[in-house]
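Below are some notes for a colleague looking over this structure, set out as numbered points. Please read them with the sequence and the coordinates open.

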Amino acid sequence: MEWSKEKDHNPRARYYLGVDVARYGGDENAFVIAELLGTNIKIVKVSTTARVSTTDTIGRIMEIDERFKFNKIFIDDSGLGATLTDVLTDKIGRRVMGLNNASKRIEVQGEEKKEGIFKEDLYSNALMLMETGKLELINNLGLLKSLKSITYEYGETKTSRKIKIFGDYSHITEAMVRACWCLKERGLDLYIY
């Protein structure tokens with residue numbers, strides 16, 4: 001599937017951006033745009049940048065947002081992404097949402113519980129969408145290469161079972177699973193009368 005904003009933009013759809021952040025390191029910044037119509041998602045655009053400054057990345061996100069008017073922008077807010085999320089929240093507002101991969105556990109009344117969104121949740125959501133035919137992908141070699149690089153391992157400790165998800169070219173997939181989170185976070189259209 002090829003997609004062009006000029007020809008294929010759907011005014012009834014909602015648009016979301018998933019971002020995986022890198023800086024001058026080995027990884028690329030990845031930007032994935034999802035179109036949500038009902039409960040079906042199309043990944044319509046994938047782009048990357050390499051070895052650019054944080055300010056360049058912020059400017060690029062604001063420029064893309066100006067064109068698409070995203071309902072939400074999902075950023076990996078671990079590490080460098082936390083700064084990006086803070087700055088963009090100040091500039092764009094509450095449409096910016098950090099989705100952190102880190103596992104967090106909290107203790108509530110002596111019982112250990114999960115908190116926040118886990119990497120497994122992000123990937124399980126995207127997998128469910130693919131398996132049920134609710135996710136359509138554009139023909140993008142980088143995206144396909146990234147998806148193909150993802151592997152997982154199961155491990156167990158005395159107290160829990162763990163799954164480790166990783167890949168040697170995972171940054172585009174990381175942005176994609178964040179964009180796919182739009183189905184979970186699309187929110188309600190509330191009106192005050």
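1. A residue counts as buried when its relative accessible area is under 20%, as exposed when it is over 50%, and as partly exposed in between. Arg-67, at 42% relative accessibility, is therefore partly exposed, whereas Glu-6, with a relative accessible area of 66%, is exposed. Please keep in mind that the model is a predicted one.

2. These two residues form a salt bridge with each other, and the closest N and O atoms of Glu-6 and Arg-67 are 3.9 Å apart. The pair links distant parts of the chain, since Glu-6 belongs to helix 1 (residues 5–8) and Arg-67 to helix 2 (residues 54–68), with 61 residues of separation. A salt bridge here requires the nitrogen and the carboxyl oxygen to lie within 4 Å, a cut-off worth remembering when the value of 3.9 Å for Glu-6 and Arg-67 is read. The search of the whole structure finds seven salt bridges.

3. Helix 2 also holds a salt bridge of its own, in which Asp-56 and Arg-60 bring their closest N and O atoms to 3.5 Å. The two residues are four apart in helix 2, so that about one helical turn separates Asp-56 from Arg-60. Both are partly exposed, Asp-56 at 31% relative accessibility and Arg-60 with a relative accessible area of 31%.

4. What is the N to O distance in the salt bridge between the side chains of Glu-174 and Arg-178? The two side chains meet at 3.0 Å, and the residues lie four apart in helix 6 (residues 171–180), about one turn of that helix. Glu-174 and Arg-178 are both buried, and they belong to a network of salt bridges that also links Asp-76 and Lys-119.

5. Turning to the strands, strand 2 (residues 28–37) and strand 3 (residues 40–50) run antiparallel and are joined by ten bridges. Two residues lie between the strands of this hairpin, and one of the residues to inspect there is Gly-38, which takes a positive phi near 70°. Leu-37 stands opposite Asn-40 of strand 3. Strand 3 also pairs with strand 8 (residues 135–137), in this case in the parallel sense and over three bridges, with Lys-42 standing opposite Glu-136 of strand 8.

6. Leu-37, which lies in strand 2, is partly exposed with a relative accessible area of 30%. Apart from its neighbours within four places in sequence, Leu-37 is in contact with Asn-10, Arg-12 and Ala-13. For Leu-37 and Ala-13, the C-alpha to C-alpha distance is 4.8 Å, although the two are 24 residues apart in sequence.

7. The last point concerns the packing of helices. Two packed helices are described by the angle between their axes and the distance between the axes. For helix 2 and helix 3 (residues 80–92), the angle is about 45° and the axes are 10 Å apart, and the two helices are therefore oblique to each other. The crossing in which helix 2 passes helix 3 is right-handed. The residues that meet include Thr-54, Ile-58, Ile-61 and Met-62 from helix 2, and Leu-84, Val-87, Leu-88 and Ile-92 from helix 3.

Terms used:
Residues numbered from 1 in each chain as written. Predicted model: local features only at pLDDT ≥ 70, side-chain atom pairs only at ≥ 80, totals over all residues. Heavy atoms only, no water. Buried < 20%, exposed > 50% of the residue type's maximum accessible area, 1.4 Å probe, protein only. Pairing = 2+ DSSP bridges. Contact = heavy atoms within 4.5 Å. Axes fitted to C-alpha atoms, helices over the stretch in contact; angles between N-to-C directions. Parallel < 35°, antiparallel > 145°, perpendicular 65-115°, else oblique. Left-handed = near helix turned anticlockwise from the far one by under 90°.
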